[in-house]
Amino acid sequence: MDIVERRTDAHDAVRPPLVILEAIRSFLDAHGLGAGALQAHRIGEGGGSNFSFLLEREDGTRYVLRRPPRPPLPPSAHDVVRESRLQLALAPLGIRVPNIRAVCEDDSRIGVPFYVMDYIDGDVITTALPAQLDQQPEARRRLADDLVDTLVEIHSADLSAPGLTGFLRPGNYNERQVRRFTQLWGLNQTRDLPKVVHVGKWLAANVPEQLPPTVVHGDYRLGNMIVTHERPDRVAAVLDWEMGAIGDPRADVGYLVATYSEPGGRENPLGTSPVTALGGFPTRSELVERYTIRSERDVEPLAWFEALALWKAAVFCEAIYGRYVRGELTADDGRASRFETGVPLLAETAAELVGA
């Protein structure tokens, strides 16, 4: 059986399946990953970028399959093969990434490339806390501290390590980010939003010099971490490396604080992991202070990187919103409708941060 969705339009067109069970079962068998019949279902936040599926085999083994959305896709976007290669390069360095078991680099199996990794039995913290964190404010602080410390570990990865040298690019990462997402806006936009264009031009006119480069996650926030049931106060693995690169470490710090809801403060405009507004979690300034002490880096001008983070979020959330309004997402992705107002809010908040 394949996982297929039907569009509710006049033609009732059947879209290609996201998962072809027989093809994936054959792939798993070829790589010695479990045995017997296979079941699959979507996991993770609906309306996101790349899709994740929990694979469950008859013998009790479980894995996670990661694949891009249905084609056509913007050039170089949703590259799960690149995403897998970065994680495979980081794993031997002790960076907390999922254990990738196998990669299908072409579209011969299910119409797109994909990779398979071990399933981690735990929680991704977004709108609710695991019981231990819910009952212990001090455990929330430990988790937030470890969130920062994990980022310091990522930024300390040896760039000369095998597998990482291929991610090095000449020039200024910050300039490339502005240029790349300006191009993506031209591809992603579904409506006229002048504020997005204005912020992009301001960022391009005020690009800071790059710090010595490090590995950069690109979407570093609590909602892209998984914690185990036994240790919910510690990051078990960092997920979603789609935008990983070698670049300016302040991009991750800016993204973390710009998309973080602090106790007693405003909700972050991206709307991710609102639980950090609860008591026990640190403030944004405390996150930054811990990072600067642990990393021994000066993160200024941090406001530029916060604005970059929110502006980039506006650009890629518009792509998700576009797929939603075109009927290309499934019933599981209804949360994407929030980007009708969310994208303008992201751009407006970015502009306010830097007075643009």
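At roughly what angle do the axes of helix 6 and helix 9 cross? Hi everyone, let me get to that after a word on the model. This is a predicted model, where local features need pLDDT of at least 70 and side-chain atom pairs count only at pLDDT 80 or more, while totals for chains, interfaces and linings use all residues. Residues are numbered from 1 along each chain as its sequence is written, and side-chain values use heavy atoms, with hydrogens and water left out.

Now the answer. Helix 6 (residues 194-205) and helix 9 (residues 302-325) have axes that cross at roughly 140 degrees and come within 10 Å. Helices (H or I, at least four residues) and strands (E, at least two) are DSSP runs, numbered from the N terminus. Axes are lines fitted to C-alpha atoms, for helices over the stretch in contact, with angles from 0 to 180 degrees between N-to-C directions. The two helices are therefore oblique to each other; angles under 35 degrees count as roughly parallel, over 145 as roughly antiparallel, 65 to 115 as roughly perpendicular, and the rest as oblique.

Who touches whom? V196, V199, G200, W202 and L203 of helix 6 meet W304, A307, L308, W311 and V315 of helix 9, contact being heavy atoms within 4.5 Å. By class, that contact has 9 nonpolar, 1 polar and no charged residues. Here Ala, Val, Leu, Ile, Met, Phe, Trp, Tyr, Cys and Pro count as nonpolar, Asp, Glu, Lys and Arg as charged, and the others, Gly among them, as polar.

Next door in my notes is helix 7 (residues 250-258). In helix 7, 9 of its 9 residues are buried, meaning under 20% relative accessible area (exposed is over 50%, partly exposed in between; 1.4 Å probe, protein chains only). Those buried residues pack against helix 4 (137-155), helix 5 (173-188), strand 9 (214-216), helix 8 (284-295) and helix 9.

Finally, the sheet. Its 5 strands form an open sheet in the order 3-4-5-7-6, with antiparallel pairing; two strands pair if DSSP finds at least two bridges between them. Strand 3 (38-43) and strand 6 (100-104) stand at the edges with a single partner strand each, so one side of each lacks a neighbour in the sheet. The twist averages 25 degrees from one strand to the next.

Strand 3 shows L38, A40 and R42 on a covered face, and Q39, H41 and I43 on an uncovered one. A40 has L55 in strand 4 as its bridge partner. Thanks, everyone!
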